[in-house]
Amino acid sequence: MVPYLPDKLKPLMKIAENLWWVWNFEAIDLFRRIDVDQWRDSGHNPISFLGSLPQKALDAAANSESFVAHMQRVEAELDRHMTRPTWYDQNKGDLENVAIAYFSAEFGIHECVPVYSGGLGILAGDHLKSASELGVPLYGMGLLYRLGYFRQYLNLDGWQQERYPETDFFNIPVSLIKNESGEPVIIGVEYPGRTVYARIWKVQTGKVTLFLLDTNIERNIPDDRTITDQLYGGDSEMRVKQELMLGIGGVRAFRAMGINITAYHMNEGHAAFLAVERIRIEMKEHGMSFDEAHSFVTSTNVFTTHTPVPAGNDRFTPEIIDKYFSDIYAEFGIDAKRFMALGRENPFDEEEDFCMTVLAIKTAFACNGVSKLHGDVSRKMWNRIWPKLPPHEVPIGHITNGIQTLSWTSDEMMRLFHRYLGPGWIDNPASKDIWKGIDNIPDSELWRCRERLRERLVSFARKRLHTQLLARGVPRKHAAVASSVLDPEALTIGFARRFATYKRATLLFRDIDRLIATLTSGKRPVQIVFSGKAHPRDNNGKEFIKEIIHLSRDERLRKKIVFLEDYEINIARYMVQGVDVWLNNPIRPKEASGTSGMKVVPNGGLNISVLDGWWDEGYNSNNGWAIGNGEVYDDQGYQDEVESLSIYNLLEEEIIPLFYSRGDDGLPEGWLAKIRESMKTIIPEFNTNRMVKDYTEKYYFSAHKNYTGYLKDNFTISKNISEWKERVKKVWSDARVIDMNMEERQDVTVGTRMKVTARINLGRLNPEDVLVELYFGSVDQYGDITDGVAVPMENTGGEGKGIFSYSGQMLCLQSGRFGYSIRIIPFNRHASRKFDPELPFTWA
């Protein structure tokens, strides 16, 4: 069933069914204009909203010339978005038929499609939005969860409870994919002793289509119908079931719809089983061996890791993997040990569990973390996959996360940007030149906008708190206190995120007396708004929430601390738009990136954060505040003590005085200067338009070129690489450095070039099979080269019997102890990655 609309209002459904409206405030205002209260009550869901409107309201809108004109403007803007030339059109070169599949376990596009839990999903949603803005030919693939992630409520004691309301898929902006006969397209995935079926839904997001799989259909047995019930719910085996459907089912869904994908992007390891399915297809349909298919699939897969701690990566026991994949072993022509090696850091450790992140790394030509610091952490974390490589050379790069700026910027601030920056900031948010125009905004207008946004947050928080208290069973007369919490003119700090213990939600409470003195200052008041969910099985995170609730009942803090229940996108919008300061104090380096702090910036908020994740790159001493200097202590209690003191000192000595320091005109000039610096330096860099451009230029283009190159001549490259790898592995024991020599010089200074020669025994290997590299750098106290540099050496001739001479030069870059070594690496010019985890290499 779909809402009945008068003919004049038919474009409303066209707009409602494309989530482009999510980041177009004129479109949002169009729905709000019909009935603002009903729009809010519908959860900002246009399908439910339009279906619940009385005919009288629809007829009034249809008879309003101004409303119809507004609707036509929005429709025209949607049409322009769908047809205009894009960045991709201008930069694709001669590439044709590119199709990128972006797999993720969650997508946070908007609260009306509740298939997200936190930052990973929000990032995935923003990725799709920016791909649409840039015109990148990308499709999303995920699961449509009937019960979504849990909804949070607190009991009288402040303890988190969970409920799982069912989502009516026919009353949200999703639609079934149907075949030519009008029947739903169904795909099947083999599970032990049965096939599990799923239907495919689509969510149109601008130009980008997101497909979601749903197993809740009658063809499945009752247990299998629950596979797509809950996001991150159930036990380890349920995770395997979900990830099978996501990875294998997702690949089959694209094929069932006739979409030929040329590049696959795994957003976290949840989707890594897609590599297994792709290998199976290539073996079955093109007669490849396992190794040939593995080579081809790897060359077209991209993997992004978001997890900086080992425990956050899905691992499954060999028994579970055997249960679900034993039939695959025979089909692949390999044994269980070889298959398990795909998911093990040490392929020879038969006790090691199967890790989805390792599977993704071993089946992708390009891997990346989501900030510069996280890239470094990831290289160290996964060094065991390449045990002979120095950590800094582990082939995991980084592309720092961003936000889709339009989705998170308030209407008020957008109007300021339009007035003083022009319309260019919408189509090109990554332009640093455009954002220099922030200096053109008068102080008075910028501050007035900030005050309105804070007032709106306070009003929202009061209403929300009142509803929460009544729901907990608080008597109505006591719940009335909600109407007086928070001060719309006070410095407002926000803290909202997953309540994982490493994020330290209660670090600010370490010295309660000092905090109370700070918050209750008569002349310079401060207040804090909290929100966030703990995982249902994370009791420590729930204790943090309970502590906040209990502290907020202290009579001295009752009006100063508010916790907003059931954190989701709508609450996030109010908070990032309304707070003055965003607090982030994770244990470094456990925050892979974090994007919530980026969202406050286009709304004039400032960050105070540990130098972790994105803030380690974004902070420049003038655009916010840093908690500490990036120190990491072995004693966590001491770390908490030092960093809580840093927060108190920053609040008392810098943040509060700067906020309340007003000129004769009543404006906080110093504070506004910091806002301007924050906007100019952060917005153009930390946005998903820049991020998706990076993925496209660094990875997607290469993956597509690999796809077309490997496809030529019946996959000749894949076959040749497979044969080459097998030959190299058999004779690699011949490879060794016989001797190496450096020219003797007495006057070695910084900048000197030193010649190094070596005699290399290749035995049965050819010089074309290897890359001989000179590796050099500073030497530490243990005699090891640190952060060395590798440069290729030149083959200067052979002396017979497989022995060759090589020569190279190293540049002495700094004073002090200096060392060098030589290594021999297998090399094939067609290989998609330099360091193949399956191939050995040799050091001198």
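This note describes one helix and one sheet of a predicted model.

1. Basis. Residues are numbered from 1 along each chain as its sequence is written, and side-chain values use heavy atoms, with hydrogens and water left out. Because the model is predicted, local features need pLDDT of at least 70 and side-chain atom pairs count only at pLDDT 80 or more, while totals for chains, interfaces and linings use all residues.

2. Helix α2. Helices are DSSP runs (H or I, at least four residues) and strands likewise (E, at least two), numbered from the N terminus. In α2, residues 25-34, the buried residues (under 20% relative accessible area, 1.4 Å probe, protein chains only) are Phe25, Ala27, Ile28, Leu30, Phe31 and Ile34. Their cover includes α1 (10-16), α3 (36-41), α4 (46-52), α6 (65-83) and α18 (411-421).

3. Start of α2. Here a side-chain oxygen of Asn24 comes to within 3.1 Å of the backbone nitrogen of Glu26.

4. The sheet. Two strands pair if DSSP finds at least two bridges between them. An open sheet of 4 strands runs in the order β21-β22-β26-β25, with antiparallel pairing. Its edge strands, β21 (736-742) and β25, each pair on one side only. From one strand to the next, the twist averages 25°, with axes taken as lines fitted to C-alpha atoms and angles running from 0 to 180 degrees between N-to-C directions.

5. Strand β26. Over 9 bridges, β26 (residues 803-811) pairs with β22 (residues 753-761); Thr757 stands opposite Ser807. With β25 (residues 794-800), β26 shares 5 antiparallel bridges, and Gly797 has Ser805 as its bridge partner. These two strands, β25 and β26, form a hairpin with 2 residues between them, and Lys801 in the turn has a positive phi of about 55°.

Technical notes
Buried < 20%, exposed > 50% of the residue type's maximum accessible area, 1.4 Å probe, protein only. Contact = heavy atoms within 4.5 Å. Polar contact = N/O pair within 3.5 Å; in protein donor to acceptor, adjacent residues only side chain to side chain.
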